[in-house]
Amino acid sequence: MTGQTAMISAFGVLVLVAVAIFVWVRRAKRGGWALGLSVALLLVAAAGLVFSALAGIYTDFLFFAEVGYRQVFWTRTLARIIAYVVGAVVAYAMVWVVTGLPRGLFVGMNADDARRTSHILKWTRIVIALVAANFVGLGASGLSLQLLAAARQVASTAYTDPIFGHSISFYFFTYPVVRGLLGILAGVAVGGLAVIGASFLLATSVPGDAALHRGLRNRLSFFAGILLLIAAAGVWFSMYGLLFQSNGVVFGVSNVDQVVRIPLIKATAVGVLLCGIVFLLASFKPRLANPRFLGWVGAITLIAYVLLVSGIPALYQRFAVKPNELSRETPYLANNIAATNTAFGLSAVNVIPDPGTQTALSGGTVIANKDVLQNVRLWDWRALADTNEQLQSIRSYYKFNDIDIDRYTLNGKSQEVMIAARELDQSLLSDTSRSFVNDRLVYTHGFGVVANGVSDFSSEGAPVYAVKDIPPVSDGGFVAISEPRIYYGESTNGFAIVGGNSSEFDYPLGDANKQYQYTGNGGIRLSMLSRLAFSFVNQNVNILISGQISSGSRIMVYRNLQERIKHIAPFLEVDSDPYIVVDPEGRLFWFGQGYTTSQYFPYSEYYDAGAELSGKVVNYIRNSFMYTVNAFDGTTTFYLIDKADPIAATIDRVYPGLFKTLDEAPSFVKDHYRYPCGLGALQSRVFSKYHMTDPRVFYGQEDKWAVAKERYLGTDASIEPYYIFFRLPGSTEKVFSLVTPFTPVGKDNLVALIVISSDIGSSDRVSVIKFSKDRVVYGPFQVEARIDQDTEISKTLTLWNQQGSQVLRGNMLILPVDGSLLYIEPIYLQSSSSKMPQIKKIVAATKDKLVWGDSLDQALSGLLGTTIDIGSIGPVPSTPGTVEEPGTGTTGGNVTPGTVTAEQKALIAEAVATMTRYKQYTSTGDFVKAGQELKALEDVLAKLDALKTTP
């Protein structure tokens, strides 16, 4: 619970407690020690609530002061306090004044009945007025930031709904606030109605003057009128809700909505409004309440409402729309398609028609694309994660949360790199070492990163690390890590106290451990007052009494990246996959992408944003900002990316100083911007349906796509969007991009590739390569099937899977290469008893040929029938040939003498397996099967003899 929420809740509770004490004391006939003790206990409880609330506010203030966002703290806090106070006071005053009973209403009653009735009615007014005030105050407080945003909204003309003519700013800011205010006002009216209703029931049970009953009826009429006016506004605003719901084939307002529902809603709203006016007039001038007029208005309103909720719209849909659905719904389908594509950032997709996939791949085109092929990601992040845990976690308490893919300039060239942060997970410590001192003052930070090139592997198939070990050692042109300590991270949870009287564990060193004293500026300096406050907030008295904490100690709070960002800016949505970045000075920073979202973009279909936004359902999203967090001291910075987004622009206006512009960002921030994978996945799902921009095609859903499938660990699953250097057809520049392949629904052939650039300055971020429909273009799963159907590869994979090992297949990557499509998939082998996958083979394929090799060079050489050298790391041919540059012709030739081909290796493996089975059968006396194996061995050796290398 935040300090602001705690304070508001405590305030409401204290008001009710104060009223209870007051009533009790007033009604008690005698005091004594029991009354004194009860009052004392209540005061102590109230003081505890007050202190707890103040402790939350104080620690929040200290945190916001540490991160440099005091203005955000004060804006949020004051807005909620002011909204609560204003809402509560106004509600109390309204209920109190309107429910007041005129003097003289008790004339005619005997003194006892008058006094009793007056006393009951007065306390009924007080209690209900207080409850209504607290209810309205809390409601207003919850709406305070929306009210502030609505008051300071940035108008947008990017889209106007075609039915009512309102801009998206109206729906983002005004519409939800009006709905919330109507709910609060209805609560006030219901509260007043309850007071008068209770009073009326009590009064009618007591014989007396009819003036009392008449006065109460007038009050009832007043609140009924107010409630009807609110209901009329609610009914009118319900028209806009039709823009956000599915109606048959259309999402948003459809033909039946515009022709039938909207007119009926308007008629109902006007009727309810007139009824409300009549009730209000009747409360002041009873003779103005003409029963005949009220009856006609009520009847017309009731008829409109019955027509609205009954089967009239359904009948119109069935007999007027359904027989001519396409023609009647075409303009509404067009609205739906245009709005959804705009809302999800897909209205300006760069569509690249079929670049041609029939051209044969040549050595010249391979060399022309050497810079892209050198960065083909041969390491699947899932396989690398297991290998890193085995080779680089060093100790059991270190953890690599995930593998991040980024690009760095190494030795003057931009190269794709896989990098992971080594965080310290306290849950992996032994139970005997868990204590307040160890958890909070000793084991405080992770240490360093591990990084490797995406295509680099050793002759044993292990990663070739550019950064490894503890302390981290850099190689291959990677910058030296100057500050490896990680106090803030993805898996770092709970508070830590640094600069205390005990040293922190730094990293393991031989038989001992390296110790460390924090030297940075992160954290909040602890005074006696702040220690007391933090001990309350964290419910840990050790913060207050521990002798290991000194005046120079600092407490680091909100160290988990998600919690940290959400606490600073709860009105922003953050991507669930932050990534670690090493800046040019060797410091570690966490980068994360952020979104602004809405559920009120007219005509846009709702989509589940998935795990990236904790399953939130949205119909508008923008990658409007990014953030960085220094892993050592927690410095947190927000950068505004999308200035055209009205939500982000409004937040920037409400909280000036929260965002920095990209012009203020260091160059490495822009260089390491990465288009968020979660947003790319969401856009892919949307585009798989909404790429059909022709309403007729969309109506039939005849060209719907699905994300292509792949095989991993024997399981078929949809391909996750993957990062890779990519060169679009017709372009000369390679761009770090997020790629997703598509197939038609229910089919496996490739129909499109969606490519989203991570160039933060690019105007054409989203590109789609559409392949021709008049011929089959192999999809990833079809190439997987070709691998399974290759007899030699299949035999080898089967053999590997039977010898205490397990074969893994990595991501299948698809690259357009000058009119041809190149498919590349790594094959890993890991022990069944220990997960440490190693790269053993690289599969390369085109439309009409599929081979594998020990390296990408060897696979491409087998694919082209000539030796290729693109500089891959691994067991490359010992005397590689050369390929002429493009424009000078292509070379032919065969495999270099002395090179063992993939086919030969497979035959050798098969011969070994056959001999093993032959020996097993002879040892058991099964000479019939032994003879069969001997014959099979002769056949294998004959095939091997026929595969002589050509000089």
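**Exercise 1. Backbone outliers**

Where is the place of Asn411? Classify its backbone and exposure, then do the same for Tyr603.

*Solution.* The model is predicted. Start with location: Asn411 sits in the loop between strand 5 (404-410) and strand 6 (413-424). Next, the backbone. Asn411 is not a glycine, yet its phi is positive, about 55°. Most residues other than glycine have a negative phi. Now exposure. Asn411 has a relative accessible area of 61%, and the cut-off for exposed is over 50%, so Asn411 is exposed.

Turn to Tyr603. Its phi is near 75°, again a positive value in a residue other than glycine. Tyr603 lies in the loop between strand 19 (588-598) and strand 20 (607-608). Its relative accessible area is 0%. Buried means under 20%, so Tyr603 is buried.

**Exercise 2. A cis peptide bond**

Find where Pro471 is located and describe the peptide bond from Ile470.

*Solution.* Pro471 is found in the loop between strand 9 (463-468) and strand 10 (473-474). Omega for the bond from Ile470 to Pro471 is near -10°. That bond is cis. Most peptide bonds are trans.

**Exercise 3. An aromatic pair across the chain**

Classify the ring pair of Tyr408 and Phe478, and place both residues.

*Solution.* Take the distance: the ring centres are 5.0 Å apart. Pairing requires centres within 6.5 Å. Take the angle: the planes of Tyr408 and Phe478 stand at 45°, so the pair is tilted. Then place the partners. Tyr408 is in strand 5, while Phe478 is in the loop between strand 10 and strand 11 (485-486). They are 70 residues apart, and the pair links distant parts of the chain. Both residues are buried.

**Exercise 4. The nonpolar core**

Which residues touch the most other members of the largest nonpolar core?

*Solution.* The core holds 202 residues; Phe478 and Phe638 touch the most other members. Follow Phe638 outward, leaving aside neighbours within four places in sequence. Its contacts include Tyr69, Ile565, Leu572, Tyr627 and Phe659. A second, separate core has ten residues, among them Tyr397, Leu424, Val442 and Phe505.

**Exercise 5. A surface patch**

List the residues of the nonpolar surface patch that includes Met94, and assess the exposure of Met94.

*Solution.* Trp74, Leu78, Ile82, Val86, Val90 and Met94 make a patch of about 550 Å². Met94 is in helix 3 (residues 70-98). Its relative accessible area is 39%, so Met94 is partly exposed.

Methods. Residues numbered from 1 in each chain as written. Predicted model: local features only at pLDDT ≥ 70, side-chain atom pairs only at ≥ 80, totals over all residues. Heavy atoms only, no water. Core = buried A, V, L, I, M, F, W, Y, C linked by side-chain atoms within 4.5 Å. Buried < 20%, exposed > 50% of the residue type's maximum accessible area, 1.4 Å probe, protein only. Contact = heavy atoms within 4.5 Å. Helix = DSSP H or I, 4+ residues; strand = E, 2+ residues; numbered from the N terminus. Patch = residues over 30% accessible without salt bridge, like charges linked within 9 Å, V, L, I, M, F, W, Y side chains within 5 Å. Areas by Shrake-Rupley, 256 points an atom, 1.4 Å probe, with all protein chains shown as cover. Salt bridge = Lys/Arg side-chain N within 4 Å of Asp/Glu carboxyl O. Phe/Tyr/Trp six-rings, centres within 6.5 Å; stacked < 30°, edge-to-face > 60°.
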